[in-house]
There are 2 protein chains.
Amino acid sequence: MAKVRRPLDRCPVALSLDVIGERWTLLIVRDLLDGPARFQDLSESLAPVAPSVLSSRLKRLAENGLVVREFYSDYPPRAKYRLTDAGRDLRPIVGALYNYGRKHLGHRTDAQPT
Amino acid sequence: MAKVRRPLDRCPVALSLDVIGERWTLLIVRDLLDGPARFQDLSESLAPVAPSVLSSRLKRLAENGLVVREFYSDYPPRAKYRLTDAGRDLRPIVGALYNYGRKHLGHRTDAQPT
């Protein structure tokens, strides 16, 4: 990686963190990389996340074009959240976090090191 | 990547985010991947980070064994911060954030897309 000393507002790392650096956001992405999910699915998987926080993070992800909400029932209205192509491009970031956790924090997980 | 549905306290992604998910932490790592740096160097590079926040993040990184403080002058005491081997293993995470930013947020940077 090239030496990075741009001002933060033009640094690709900082810009990425502006978009997905808030607490919970990458964990939502982690779940959605497995496929679309309902709000309730995410809320259960990511407990103890507060519904207001989950809602805020999903809204931000949608505003940034990383997630779309799709209705699969009109009445009653039911929606699922799905990653866009740009959202799926976050996989290497989640993958790098996963690999780091397995290697360095694996004693706290039930995962066997690869 | 395998389907991840472990409780958050045993998920490698969540554990990694617990350690390096706070605002500014990965930007400090970004800087230190280029080599050791003084507090003042980091403070200037990461402006407008507050000194108290920078200090708190460096302390947390040290507690987690990712950064060490090395004195290069006894009097007056002067120290540099350096990544440990475990800290340097964060490079793929920073690299993935960099690549994502270049590809998707490049219009906000002065970087040319690769």
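1. A residue counts as buried if 20 or more other C-beta atoms lie within 10 Å of its own. By that cut-off, 8 of the 8 residues of helix α2 of chain A (residues 25-32) are buried, so this helix is largely enclosed by the rest of the structure. The set runs T25(A), L26(A), L27(A), I28(A), V29(A), R30(A), D31(A) and L32(A). Note that R30(A) and D31(A) are among them.

2. This is a predicted model. Chain A has a mean pLDDT of 90, and 89% of its residues reach 70 or more. For the complex, the predictor gives an ipTM of 0.87 and a pTM of 0.88. As a general caution, predicted coordinates should not be read in detail where pLDDT is low.

3. Overall layout of chain A. It has 6 helices and 2 strands. From the N terminus on, the order is α-α-α-α-β-β-α-α. Of its 114 residues, 33% count as buried. Contacts between residues 24 or more positions apart make up 41% of those with a separation of 6 or more.

4. The strands. β1(A) (residues 67-73) and β2(A) (residues 78-83) run antiparallel and are joined by 6 bridges. The connection is a hairpin through 4 residues. Two bridge pairs can be checked directly in the model. F71(A) has A79(A) as its partner in β2(A). S73(A) has R78(A) as its partner in that strand.

5. R82(A) deserves a look. This residue sits in strand β2 of chain A. It is partly exposed, because 15 C-beta neighbours lie inside 10 Å, whereas a buried residue needs 20 or more. Leaving aside neighbours within four places in sequence, R82(A) contacts L32(A), P36(A), V67(A), V68(A) and E70(A). L32(A) is one of the buried residues of α2(A), so the R82(A) contact with L32(A) links β2(A) to that enclosed helix. For E70(A), 12 residues away along the chain, the C-alpha separation from R82(A) is 7.4 Å.

6. S55(A) gives a second partly exposed site. It lies in helix α4 of chain A, which spans residues 51-63. It counts as partly exposed because 14 other C-beta atoms are within 10 Å. F39(A) is 16 residues from S55(A) in sequence, yet the two C-alpha atoms are 8.2 Å apart in space.

7. The two chains meet through helices. Helix α1 of chain A (residues 12-20) and helix α6 of chain B (residues 91-104) have axes that come within 7 Å and cross at roughly 85°. That angle makes α1(A) roughly perpendicular to α6(B). On the α1(A) side, the contact is made by P12(A), V13(A), L15(A), S16(A) and L17(A). On the α6(B) side, the residues are V94(B), L97(B), Y98(B), Y100(B), G101(B) and R102(B).

8. The core includes residues of both chains. The largest nonpolar core has 54 residues. Those with the most contacts inside it are I93(A), L97(A), I93(B) and L97(B). L97(B) also belongs to the α1(A)–α6(B) contact.

9. Which residues does L97(B) touch, not counting those up to four places away in sequence? They are V13(A), S16(A), L17(A), I93(A) and L26(B). V13(A), S16(A) and L17(A) belong to the α1(A) side of the helix crossing. I93(A) is listed with L97(B) among the residues with the most contacts inside the core. When viewing the model, L97(B) therefore ties the helix crossing to the nonpolar core, a set of buried residues joined through C-beta atoms within 7 Å.

Technical notes. Residues are numbered from 1 along each chain as its sequence is written. Chains are lettered from A and ligands numbered from 1 in the order in which they are written. This is a predicted model: local features need pLDDT of at least 70, side-chain atom pairs count only at pLDDT 80 or more; totals for chains, interfaces and linings use all residues. A residue is buried if 20 or more other C-beta atoms lie within 10 Å of its own, exposed if 12 or fewer, and partly exposed in between; C-beta atoms are placed from the backbone. Two strands pair if DSSP finds at least two bridges between them. pLDDT is the predictor's confidence in each residue, from 0 to 100. Two residues are in contact if their C-beta atoms, placed from the backbone, lie within 7 Å. Axes are lines fitted to C-alpha atoms, for helices over the stretch in contact, and angles run from 0 to 180 degrees between N-to-C directions. Angles under 35 degrees count as roughly parallel, over 145 as roughly antiparallel, 65 to 115 as roughly perpendicular and the rest as oblique.
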